[in-house]
Amino acid sequence: MNDPSIENTRQWLESVVIAHNFCPFAKSELIKEHILFEVIEHTDIESCLEALITSCEKLDDNTDIETTLLIIPNGFADFEQYLDLLDIAERLLEARRYEGIYQLASFHPEYCFDEADPDDPANYTNRSPYPMLHLLREATIEQSLKNIDNPETIPLKNIERARSIGLGVLKKQLEDCYNRA
């Protein structure tokens, strides 16, 4: 039986991220099954960091995996604690010489951009069913961006798209991703 947090994350990826094209690369990687979904059951920083490095090593050893979503269903519900984890994780990647090889993206149910109103629909570009650490191959990102006109405008277009969709719709779509498995 599949883990409900993986099923809910997959539903979010399909019905929010891909449906609204918040990430221009997600659909093809999902179709090709190049996304690894992993659940971190632990709730302490040390265990999460160990899982992050283990995931980097898996990416090192398996070129069929383009990106990994590390799902933390039981921990870091507090956004500020999650940001602390993210900061330490980024420093760990740098210390382990993974900077420039893997990029770390962040998703959280309460994600809020710096100085943004918590109810700004733009926050939903990074809101997810669970706290997550998202590892991406930098070389793949760079290659993919060559095929996109003005890639630097992606974040601004996502913000505009999220605001045009509206808070109510995005909130409901995220809520619908829970317990659908």
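A salt bridge here is a side-chain nitrogen of Lys or Arg within 4 Å of a carboxyl oxygen of Asp or Glu. I need that cut-off for the entry on glutamate 66. I also note at the start that the model is predicted.

**Entry: glutamate 66**

I looked up where glutamate 66 sits. It lies in the loop between α3 and β2, and β2 spans 67–71. Is glutamate 66 buried or exposed? It is buried, yet it has no salt bridge. I checked for the nearest side chain of opposite charge and found arginine 137, 4.0 Å away. I then listed the contacts of glutamate 66, leaving out residues up to four places away in sequence. They are Glu29, His34, Leu59, Leu135, Leu136, Arg137 and Thr140.

**Entry: the sheet**

I traced the strand order next. The sheet is open, has four strands and reads β1-β2-β4-β3, with mixed pairing. Its edge strands are β1 (35–39) and β3, each of which pairs on one side only. I took the twist too: neighbouring strands are turned by 20° against each other on average, direction ignored.

I went through the pairs that involve β4. β2 and β4 run antiparallel and are joined by five bridges. Within this pair, threonine 67 stands opposite leucine 136, and leucine 69 has histidine 134 as its bridge partner. β3 and β4 also run antiparallel, joined by six bridges. Here glutamine 103 has leucine 136 as its bridge partner. Serine 106 stands opposite leucine 133.

**Entry: how covered are the strands?**

How many residues of β4 are buried? Six of the six are, so β4 is largely enclosed by the rest of the structure. I sorted them by face. Met132, His134 and Leu136 lie on one side, Leu133, Leu135 and Arg137 on the other, and all are buried. So Arg137, the nearest opposite charge to glutamate 66, is itself under the 20% relative accessible area that counts as buried. I checked β3 as well: five of its six residues are buried, and the strand is mostly covered.

**Entry: helices on the sheet**

I looked at which helices meet these strands. α3 lies across β1, β2, β3 and β4, and runs at about 160° to β2. α4 packs on the sheet as well, touching β3 and β4. The direction of α4 makes about 180° with that of β3.

**Entry: the cores**

Which residues have the most contacts inside the largest nonpolar core? They are Leu52, Leu85, Leu93, Leu104, Leu133 and Leu135, in a core of 25 residues. The elements that give two or more residues to it are α3 (45–61), α4 (79–95), β3 (102–107) and β4 (132–137). I also found a second, separate core of 23 residues, which includes Trp12, Val16, Phe37 and Ile71. In soluble globular proteins, nonpolar side chains tend to be buried together.

I followed leucine 104 outward, leaving aside its neighbours within four places in sequence. Leucine 104 is in contact with Leu52, Leu86, Ala89, Glu90, Leu93, Leu133, His134 and Leu135.

I then picked alanine 89 from that list. It is found in helix α4. Alanine 89 is buried, with a relative accessible area of 0%. Its contacts, again leaving aside neighbours within four places, are Leu49, Leu52 and Leu104. How far apart are alanine 89 and leucine 52? They are 37 residues apart in sequence and 7.7 Å apart in space, C-alpha to C-alpha.

**Entry: positive phi**

I looked for positive phi in residues other than glycine. Phenylalanine 76 has phi near 60°. It lies in the loop between β2 and α4. It is buried, with a relative accessible area of 9%.

Asparagine 150 has a positive phi of about 50°. Its loop runs between α5 (138–145) and α6 (154–165). Is asparagine 150 buried or partly exposed? It is partly exposed, with a relative accessible area of 47%.

Technical notes. Residues are numbered from 1 along each chain as its sequence is written. This is a predicted model: local features need pLDDT of at least 70, side-chain atom pairs count only at pLDDT 80 or more; totals for chains, interfaces and linings use all residues. Side-chain values use heavy atoms; hydrogens and water are left out. A nonpolar core is a set of buried Ala, Val, Leu, Ile, Met, Phe, Trp, Tyr and Cys residues joined through side-chain atoms within 4.5 Å. Buried means under 20% relative accessible area, exposed over 50%, partly exposed in between (1.4 Å probe, protein chains only). Contact means heavy atoms within 4.5 Å. Lys and Arg count as positive and Asp and Glu as negative; His and the chain ends are not counted. Two strands pair if DSSP finds at least two bridges between them. Axes are lines fitted to C-alpha atoms, for helices over the stretch in contact, and angles run from 0 to 180 degrees between N-to-C directions.
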